[in-house]
Number of protein chains: 4
Amino acid sequence: MTGKTNKSIERKQEILRVAQKLFNIKGFQETSINDIMKTVGAAKGVFYYYFETKDQVLDTLVEQNINEIVDGMVQVVSNPDLNATQKLKYMLREEFRVSTSRNDFNNHLHNIKNVDMHQRIMVSMVEKIAPIFSQVVKQGVLEGTFKTEYPLEVCEIVIAGVHFISDLGIFHLSREQYIKRIKASEEIIEKALGVEEGSFNFLSEMLKETPDRIMDAKAIKEHYDEI
Amino acid sequence: MTGKTNKSIERKQEILRVAQKLFNIKGFQETSINDIMKTVGAAKGVFYYYFETKDQVLDTLVEQNINEIVDGMVQVVSNPDLNATQKLKYMLREEFRVSTSRNDFNNHLHNIKNVDMHQRIMVSMVEKIAPIFSQVVKQGVLEGTFKTEYPLEVCEIVIAGVHFISDLGIFHLSREQYIKRIKASEEIIEKALGVEEGSFNFLSEMLKETPDRIMDAKAIKEHYDEI
Amino acid sequence: MTGKTNKSIERKQEILRVAQKLFNIKGFQETSINDIMKTVGAAKGVFYYYFETKDQVLDTLVEQNINEIVDGMVQVVSNPDLNATQKLKYMLREEFRVSTSRNDFNNHLHNIKNVDMHQRIMVSMVEKIAPIFSQVVKQGVLEGTFKTEYPLEVCEIVIAGVHFISDLGIFHLSREQYIKRIKASEEIIEKALGVEEGSFNFLSEMLKETPDRIMDAKAIKEHYDEI
Amino acid sequence: MTGKTNKSIERKQEILRVAQKLFNIKGFQETSINDIMKTVGAAKGVFYYYFETKDQVLDTLVEQNINEIVDGMVQVVSNPDLNATQKLKYMLREEFRVSTSRNDFNNHLHNIKNVDMHQRIMVSMVEKIAPIFSQVVKQGVLEGTFKTEYPLEVCEIVIAGVHFISDLGIFHLSREQYIKRIKASEEIIEKALGVEEGSFNFLSEMLKETPDRIMDAKAIKEHYDEI
DNA sequence: CATGAATGAGTCTTCATTCAT
DNA sequence: GATGAATGAAGACTCATTCAT
């Protein structure tokens, strides 16, 4: 009775993996537990051994996704050798990386059908990620590099706005539109923090390394339509 | 003769009214057509005489809500006697008014359960309201009062961010938290447009006239729990 | 009170016309009275002024269709100047003509979805057309040109068999298959009546004048799929 | 382990049994899944555990019925020791036996209301049974006992015609009428194959052993009316 | 730990028919 | 004669969840 066997944990992860995949493809509401367990290849009852409700799967999934981001960030934030700007740049880079990778076919968390999951992630972003960012912003204010009266709330607004707007599961953007939105994001971040224009243009720089298939909503849509 | 009787139009509006109310209380998914028509006090078939699907009701509702806002704005925007700042102030004031009135009990469009409607409204906001704002912003840029390289995209981000963050159906905020978020919104708007600090503080001023029951998420929640 | 106005009869015929058209395209079950009256361009209530039930329309339609064939035949049958072979040839020719015209796009009575109507026509065929044919066959037996012990029953079987088999609404035949089935029909008719081989080959001769679009099930199917 | 439990298979068969019974009594369209499952004595959901749609039940039923006939026939057909006439006689006898047994109360597949099932069986007959018959006919042609230019098509027509005409679910025949139609069938089969008159009179011979309750439509009708 | 059969309330939707105006 | 709004029973189908084995 060590609590959970290895096999047991794997089983649970397998269910989560399959659930996430199906939620992305068909949406949460449209995915039945039957669908999940058939894909997993186990009996329906197994599901209820690992989870209590279908909703719990969604919660777990969202939490896992958020934690992945959070975990990476806290390390940076707690590093005493970095100044605010350095930390922020690292964090934004990281988030952007995760964000775009999410648009990738095999991990496309933001399908348009998937309103439920989407909203929960947005909420988690605001509630869990924004405070981390605001901590760094506060540090920057103290260091004299950033300037804002409402660090937390500004982070919340910017994070919510930027994420919603650049979600290729919601908006079917062309590459050009997408780039423009990212550049506007840079502009807003710079202005919100009161830093020099162009300081955060590394985001749009990163886009250049991003393959089309991740950034072009049409390509993504067509991919899913094929399935 | 005119195609639709007065009585008929009223009936349709009555259904819409009831539907909106129930969607707010129970959420879209959780509201059945049965629920709606029982409340209306008519046979289920009547629903399908006026609408083709449950989804159509949602669409109509969202459209009506957005149009209400749009209609008010276009008049202001097309007024040649106003400068960009004047227009923007008017529009923000108006939007804020509609927005908070929406939080009112009898017209509480943004219940947390109501993910579907919520998301559609957010999308409509970005797609329909942002372009109107950006038009005014462009005017301001020409007039030399505003400064931004991406008028449309900046409007999109700010609108999305501010709306999401200040939605009392999603976040259960205390009065203080709410005020802070509104103030941060002001800060961001000012910075995004490159205007002087404090130029748009009329928003938080308006809050002072807003009764608690609309602004305090706890009060709202308790109200619904009573039902 | 002359019973029925001219306008009234026209109205009724219009409804029947539209009903037949829609039954052919969508099938009887799938066509609602709403569909019919919307196409007619009159209020739903009008329908019930002219018919008592939806079923009555089907009955009327089948009867009209059968009567059209019957009327043409009785004239020939009662003509004392013709011998049995002459009569039969004429009748077959006529029936074949009506039959193929039915496969035509605008009068395609035998859509595959239209099981109900189809069966009723088959039954009517056996009950109303077979007796007429058998009368002629009996004449032929007396004249010594035909030979069979069960004139009525043989007519019933042949009519049922030939019609079912050559119904392009049921079977999706290629032109070749269709021709073969018609030729086999000739063979059976000749044998059943005990006449010389080739005596009734005029049926397949008639095919040569029939355009593909009527005879090729694929063309017909594609036509309907476009709608 | 084997995929399906014994009990599970039984359940499925039970549903099929009940469905067939109800379809016969009330017709396919008029039988609801509720009806079926209430009779089975299980929850509605059980139905959908075993079948995907109501239509699938019909398909399964038709297939089962046809296969029963086909299975018996292929054995005879593939027997190299029998000549065509022997095979044909055996097959006809067999089919007649199944056909009349179907008219029996407990297995009355052809109720007049049951247009859908009826048509599907007719189509299956033509598509699955006719080819088997035609194979034997071809053998007979080679052996010099039969004579026809279109073996397959002739089989199709005769099968369709004879079945339709002798279906007591469609036509309410008296015993005399029924016998006449069977005798006419014999005549047509003999003529179609070009064999000596009287060669296939064993069919009407078989009738003599058939009890009235199966052959007399009135008796059958009365039986159902009692229910 | 696993199975998979069973549950049954609940969903949206359809439509022939009626009837007051 | 005509209108078209209203009826409401009935239909097929879904699915999260339970539980005996």
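How much area is buried between chain A and chain B? Select those two chains together and you have the answer in view: about 3,300 Å², with carbon and sulfur atoms giving 67% of it. Keep in mind as you explore that this is a predicted model.

**Stop 1: chains A and B**

Colour the residues where the two chains meet. On chain A, 35 residues are in contact with chain B, and 35 residues of chain B are in contact with chain A.

Next, show the side chains of A:E156 and B:R181. They meet in a salt bridge, with 3.0 Å from N to O. Across this interface of chain A and chain B, the rule finds four salt bridges. If you look for polar contacts between chain A and chain B, the count is ten residue pairs, with both residues at pLDDT 80 or more.

Now hide chain B for a moment and look at the side of chain A that touches it. Select helix 6 (115-143), helix 7 (151-165) and helix 8 (175-193) of chain A: each of them supplies at least two residues of that side. Which helix of chain A gives the most? Helix 7 does, with ten residues. Try colouring this side of chain A by class, and you will find 17 nonpolar, six polar and twelve charged residues.

**Stop 2: chains C and D**

Bring up chain C and chain D. Here 35 residues of chain C are in contact with 35 residues of chain D. The area buried between chain C and chain D is about 3,200 Å², and carbon and sulfur atoms give 67% of that. Three residues are worth picking out on chain C: C:Q119, C:Y150 and C:I157 supply 19% of the area that chain C buries against chain D, more than any other three residues.

For a charged pair, select C:E197 and D:K147, whose side chains meet in a salt bridge at 3.9 Å, N to O. The rule finds four salt bridges across the interface of chain C and chain D. It also finds ten residue pairs in polar contact there, both residues being at pLDDT 80 or more.

Finally, select helix 6 (115-143), helix 7 (151-165) and helix 8 (175-193) of chain C. Each supplies at least two residues of the side of chain C that touches chain D. Zoom in on helix 7 of chain C, since the largest share of that side, ten residues, comes from this helix. Coloured by class, the side of chain C that touches chain D divides into 17 nonpolar, six polar and twelve charged residues.

Technical notes: Residues are numbered from 1 along each chain as its sequence is written. Chains are lettered from A and ligands numbered from 1 in the order in which they are written. This is a predicted model: local features need pLDDT of at least 70, side-chain atom pairs count only at pLDDT 80 or more; totals for chains, interfaces and linings use all residues. Side-chain values use heavy atoms; hydrogens and water are left out. Contact means heavy atoms within 4.5 Å. Buried area is the accessible area (1.4 Å probe) that two parts lose on being put together, summed over both. A polar contact is a pair of N or O atoms within 3.5 Å; within protein, one must be able to donate a hydrogen and the other to accept it, and residues adjacent in sequence count only if both atoms are side-chain atoms. Helices (H or I, at least four residues) and strands (E, at least two) are DSSP runs, numbered from the N terminus. Ala, Val, Leu, Ile, Met, Phe, Trp, Tyr, Cys and Pro count as nonpolar, Asp, Glu, Lys and Arg as charged, and the others, Gly among them, as polar.
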